[in-house]
Amino acid sequence: DSHLGQIQHSLILDAFESNHENIPGWPWFVFLAGAMCCLICSSLSHLLASHSRKFYFFFWRLDYAGISVMIVCSFFAPIYYAFYCHPYSCFFYLGTISVLGTLVIITLLSPSLSSSKYRLFRTTLFLAMGFSGVIPAAHAIVIYWGHPHIFVALGYELLMGILYASGAWFYVTRIPEKWKPGAFDIAGHSHQIFHVLVVAAALAHCAATLVVMDFRQRTPTCAS
């Protein structure tokens, strides 16, 4: 328990201090760039979507695409560092999520799928992309069984999944505004709850990534 606590306590402070020159940092910045892209697209959508009907459909499609970009970019750091010594698996998992994400983005940018009729379909696409990480996670457990870092990281990733799923549930059900229309137009709307949970999930994923980075920094070389 004390060892696990030490890992979590040193996540932020030690993430780039020791041996940082031994492992590439670009996957971490891919994740940050994806998160910023998502938040920028979301901000633009909420700011400009009410301008006109044309803007409404364009910017909400852009919002969905931004979410997809963040999901894809979220895979890069943990997969790259977890499978640093297994390049074929790393390439396969990153290639698969990149192709899947590209197809999803193309689908979401289609004007015919922007209506509320396909709300559940869009949510299903996001969840399918997100939970496709179960396979590489299970693979990592098999490879690194017994390493406390992996279980700490998986704990954070499990929390991330719960937060994302909860956000999707609010997004689809439109609770609580459907119970009392008009009462939550300013605060407490399901879309606001959705965004809070998405940000919380991103922070949980950030913590998981830092744990995996800490693990890789402690073992920067691969056994022959």
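## Starting with T107

A residue counts as buried when its relative accessible area is under 20%, as exposed when that area is over 50%, and as partly exposed in between. T107 has a relative accessible area of 26%, so T107 is partly exposed. Please keep in mind that this is a predicted model.

Where does T107 sit? T107 belongs to helix 5, which covers residues 87–108. Leaving aside residues up to four places away in sequence, T107 touches L113, F121 and L125. One of these partners, L125, is 18 residues apart from T107 along the chain, and the C-alpha atoms of the two are separated by 9.5 Å.

## Helix 6 and its buried face

L125 leads us on to helix 6, where L125 is one of the buried residues. The others are R119, R122, T123, F126 and M129. Where do these buried residues pack? Their packing partners are helix 4, helix 5 and helix 8.

Why can the buried residues of helix 6 be said to line one face? Seen down the axis of helix 6, they fall within an arc of 155°, so one face of the helix holds them. A general point helps here: an α-helix has 3.6 residues a turn, so residues three or four places apart point the same way. The length of helix 6 can be checked too: with 13 residues at 1.5 Å a residue, helix 6 should span 18 Å, and its end C-alpha atoms are indeed 18 Å apart.

## S68, a buried serine in helix 4

Next, take a look at S68, which lies in helix 4. Is S68 buried or exposed? Its relative accessible area is 0%, so S68 is buried. Not counting residues up to four places away in sequence, S68 touches V104, I105, L108, F126 and M129. Two of these contacts, F126 and M129, are among the buried residues of helix 6.

## The largest pocket

Rolling a probe the size of a water molecule over the atoms shows where empty space is left. In this model, the largest pocket holds about 790 Å³ of space. It is lined by 35 residues, and the closest to its centre are F75, G130, G133, E157 and M160.

Which elements supply at least two residues of this lining? They are helix 4 (53–82), helix 6 (119–131), helix 7 (134–143), helix 8 (148–173) and helix 9 (190–218). Helix 8 has the largest share, with ten residues. By class, the lining of the largest pocket is made up of 28 nonpolar, six polar and one charged residues.

## An enclosed cavity

How many cavities of 30 Å³ or more are there? The count comes to one. The largest cavity has about 80 Å³ of space, and its lining consists of C38, L39, S42, D63, I67, F194, H195, V198 and V199. Helix 3 (26–48), helix 4 and helix 9 each give two or more residues to this lining. Helix 9 gives the most, with four residues. Sorted by class, the lining of the largest cavity has six nonpolar, two polar and one charged residues.

## The loop between helix 8 and helix 9

Our last stop is a loop. R174 is placed in the loop between helix 8 and helix 9. R174 has a positive phi of about 60° although it is not a glycine. With a relative accessible area of 36%, R174 is partly exposed.

P176 also has its place in the loop between helix 8 and helix 9. The peptide bond from I175 to P176 is cis, and its omega is near 15°.

Definitions and conventions:
Residues numbered from 1 in each chain as written. Predicted model: local features only at pLDDT ≥ 70, side-chain atom pairs only at ≥ 80, totals over all residues. Heavy atoms only, no water. 1 Å grid on protein atoms, 1.4 Å probe; cavity = no way out; pocket = protein on both sides within 12 Å on 5 of 7 lines; lining within 4 Å. Points joined across faces, edges and corners; volume = space filled by probe spheres on them. Nonpolar A, V, L, I, M, F, W, Y, C, P; charged D, E, K, R; others polar. Buried < 20%, exposed > 50% of the residue type's maximum accessible area, 1.4 Å probe, protein only. Contact = heavy atoms within 4.5 Å. Expected span 1.5 Å × (residues − 1). Arc of directions from axis to C-beta.
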